[in-house]
Amino acid sequence: MFTEWRKKPTSKIYSGNLVLIADYLGCSVDYLLGRTEDPEVHQIEPRGVDPARR
């Protein structure tokens, strides 16, 4: 999938594939998209979930 995108960078990448690439590289999708300078993945707790009770 990545090889095809490198050949034709204007082609679309499906969001599921983007997640796979980010997971492989160990960074966030936002970092790949240029939306942040921070490559770290930050987990956000859903509303109403107490992290101490996990």
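Modeller: Helices (H or I, at least four residues) and strands (E, at least two) are DSSP runs, numbered from the N terminus. What you see is a predicted model, where local features need pLDDT of at least 70 and side-chain atom pairs count only at pLDDT 80 or more, while totals for chains, interfaces and linings use all residues. Residues are numbered from 1 along each chain as its sequence is written, and side-chain values use heavy atoms, leaving out hydrogens and water.

Biologist: Thanks! Which pattern does the chain follow along the sequence?

Modeller: The chain has three helices and zero strands. Read along the sequence, its pattern is therefore α-α-α.

Biologist: How much of the chain counts as buried?

Modeller: Buried means under 20% relative accessible area, exposed over 50%, and partly exposed in between (1.4 Å probe, protein chains only). The chain has 54 residues, and the share of them that counts as buried is 9%.

Biologist: Let's look at helix H2. Which residues are buried there?

Modeller: H2 covers residues 15-25. On one side, Asp23 and Tyr24 are exposed. The buried residues, on the other side of H2 from that pair, are Leu18, Ile21 and Ala22.

Biologist: And which residue with a positive phi follows H2?

Modeller: Past the end of H2, the chain reaches a residue with phi near 70°. That residue is Gly26.

Biologist: Ser28 caught my eye in the loop between H2 and H3. Is Ser28 buried or exposed?

Modeller: Ser28 has a relative accessible area of 13%. Neighbours within four places in sequence aside, Ser28 is in contact (heavy atoms within 4.5 Å) with Ala22, Thr36, Asp38, Pro39, Glu40 and Val41. Because 13% is under 20%, Ser28 counts as buried.

Biologist: Now the surface: which helix supplies the largest share of the nonpolar patch?

Modeller: Patch residues have over 30% relative accessible area and no salt bridge (Lys or Arg side-chain nitrogen within 4 Å of an Asp or Glu carboxyl oxygen); like charges are joined within 9 Å, nonpolar side chains (Val, Leu, Ile, Met, Phe, Trp, Tyr) within 5 Å. Tyr24, Leu25, Tyr31, Leu32 and Leu33 make this one, at about 560 Å² (Shrake-Rupley method, 1.4 Å probe). H2 and H3 (29-33) each supply at least two of its residues. The largest share, three residues, comes from H3.

Biologist: Finally, what is the relative accessible area of Leu33?

Modeller: Leu33 is found in helix H3 and belongs to the nonpolar patch. Leu33 is partly exposed, because its relative accessible area is 49%.
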